Amino acid sequence: MNQEIYENIKLWFGSYTESISSESEEIQLNLDLKKNHSFNTAEIIEDLAKTIDLSESDILIAKTAALLHDIGRFEQLINFETFSDTEQANHINLGINTIESNSVLDGINEESKEIILECIRQHQITELPKSIDENKLVFVQLLRDADRIDILNIVSKYYSDCKPGDNKRLEMELADKPDISKKVFKRIIDEKSADYKDVLTLNDLKLQQMSWIYDFKLKQSFRIVSKKTYLKRIFDTLPKTDSVIDMYRQMKIYLENNL
Ligand SMILES: [Fe+2]
């Protein structure tokens with residue numbers, strides 16, 4: 001892969017995302033948010049990739065996967081007005097269809113193309129299947145780390161600066177109730193990332209996002225999250241119950257032990 005191919009994909013991404021707009025202020029805000037998130041994820045993945053000695057060409061493959069990983073979110077938002085994945089409105093399937101129907105990866109060799117598509121398929125799954133090809137795994141892990149670092153940046157700001165309900169889609173339309181799922185608590189105390197299907201309230205969502213640290217693979221990812229104090233910033237918006245304090249303490253220690 002070379003810089004020129006990457007620049008062309010970036011141009012396509014720019015014109016595709018420009019072609020999708022909404023009269024609803026909230027939908028437009030989320031379209032802009034996803035566009036910025038895609039560019040930021042590409043920047044973060046480059047930073048992470050440079051710490052593990054990837055070739056220039058491999059860094060461009062990783063950046064392409066990062067730029068395109070949420071391309072399905074634009075159609076999902078405009079046609080289904082949600083960030084919630086359902087059978088009809090799954091952003092991964094929508095994204096792969098968009099990439100294929102627009103021939104976005106046509107200039108890239110088969111092997112690199114497969115790496116990029118595998119990254120998109122696996123970027124959000126709770127537990128990675130053991131069957132992933134060794135040579136694809138490093139790219140998948142890079143994307144998962146980079147994507148989650150940028151989401152932690154977005155949501156830590158949002159939870160601190162906005163009122164619950166300001167952006168319902170970013171809150172995955174969850175109720176702002178004090179309850180915390182026992183399954184989320186158990187996974188976090190066991191040092192495992194919480195499963196999105198156990199998330200029932202906005203508090204569960206915040207804790208599930210914090211628990212991504214258990215999935216991080218790169219030292220640099222732990223360093224960024226620690227330096228930017230994302231866990232603390234989200235914790236500050238949670239009710240200070242014993243179970244929340246226990247979970248925060250467990251995650252904080254895990255983060256510090258991995259720096
Ligand atoms: Fe993402």
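What spacing do the donors of the iron ion follow along the chain? They run H-x31-H-D-x76-D, and the close-ups below start from that site. This is a predicted model, in which local features need pLDDT of at least 70, side-chain atom pairs count only at pLDDT 80 or more, and totals for chains, interfaces and linings use all residues. Residues are numbered from 1 along each chain as its sequence is written, and side-chain values use heavy atoms, with hydrogens and water left out.

**View 1. The iron ion and its donors.** Here the iron ion is held by His37 (NE2), His69 (NE2), Asp70 (OD) and Asp147 (OD), at 2.1 to 2.3 Å. Donors are N, O and S atoms within 2.8 Å of the metal (3.2 Å for Na, K and Ca); water is not among the atoms, so sites may look incomplete. Angles among the four donor atoms go from 79 to 170 degrees, and the site is irregular. As for that label, four donors count as tetrahedral if all angles lie between 85 and 135 degrees; four count as square planar and six as octahedral if opposite donors are over 155 degrees apart and all others between 65 and 115; anything else is irregular.

**View 2. Two iron donors from separate parts of the chain.** Histidine 69 sits in the loop between α3 (56-68) and α4, while aspartate 147 belongs to helix α7 (residues 134-161), so the pair ties together parts that are 78 residues apart in sequence. Helices (H or I, at least four residues) and strands (E, at least two) are DSSP runs, numbered from the N terminus. Are histidine 69 and aspartate 147 buried or exposed? Both are buried, where buried means under 20% relative accessible area, exposed over 50%, and partly exposed in between (1.4 Å probe, protein chains only).

**View 3. Helix α2 against helix α4.** The axes of α2 (residues 25-50) and α4 (residues 72-80) come within 10 Å and cross at roughly 175 degrees. Axes are lines fitted to C-alpha atoms, for helices over the stretch in contact, and angles run from 0 to 180 degrees between N-to-C directions. The two helices are therefore roughly antiparallel to each other; angles under 35 degrees count as roughly parallel, over 145 as roughly antiparallel, 65 to 115 as roughly perpendicular and the rest as oblique. On the α2 side, the contact uses Ile27, Asn30, Leu31, Lys34 and Lys35, and on the α4 side Arg73, Phe74, Leu77 and Ile78. Contact means heavy atoms within 4.5 Å. Sorted by class, that makes five nonpolar, one polar and three charged residues. Ala, Val, Leu, Ile, Met, Phe, Trp, Tyr, Cys and Pro count as nonpolar, Asp, Glu, Lys and Arg as charged, and the others, Gly among them, as polar.

**View 4. What covers α4, and what comes after it.** Gly72, Arg73, Phe74, Gln76 and Leu77 of α4 are buried, and their cover includes α1 (3-18), α2 and α5 (91-101). After α4 comes glutamate 81, in the loop between α4 and α5. Glutamate 81 is not a glycine, yet has a positive phi of about 55 degrees. With a relative accessible area of 45%, glutamate 81 is partly exposed.

**View 5. Isoleucine 20 in the loop between α1 and α2.** This residue counts as buried, at 13% relative accessibility. Neighbours within four places in sequence aside, isoleucine 20 is in contact with Leu31, Phe74 and Ile78. Its C-alpha is 8.1 Å from that of glutamate 75, a residue 55 places away in sequence.

**View 6. Isoleucine 108 in the loop between α5 and α6 (110-122).** Isoleucine 108 is buried, with a relative accessible area of 7%. Which residues does isoleucine 108 contact, leaving aside neighbours within four places in sequence? They are Met1, Ile5, Ile9, Lys113 and Ile116. For isoleucine 108 and isoleucine 5, 103 residues apart along the chain, the C-alpha atoms are separated by 7.7 Å.

**View 7. Methionine 172 in the loop between α7 and α8 (182-189).** Phi is positive here too, near 55 degrees, in a residue other than glycine. Methionine 172 counts as buried, at 17% relative accessibility.

**View 8. Aspartate 246 in helix α12 (residues 242-257).** Aspartate 246 is partly exposed, at 34% relative accessible area. Not counting residues up to four places away in sequence, aspartate 246 touches Phe185 and Ile189.
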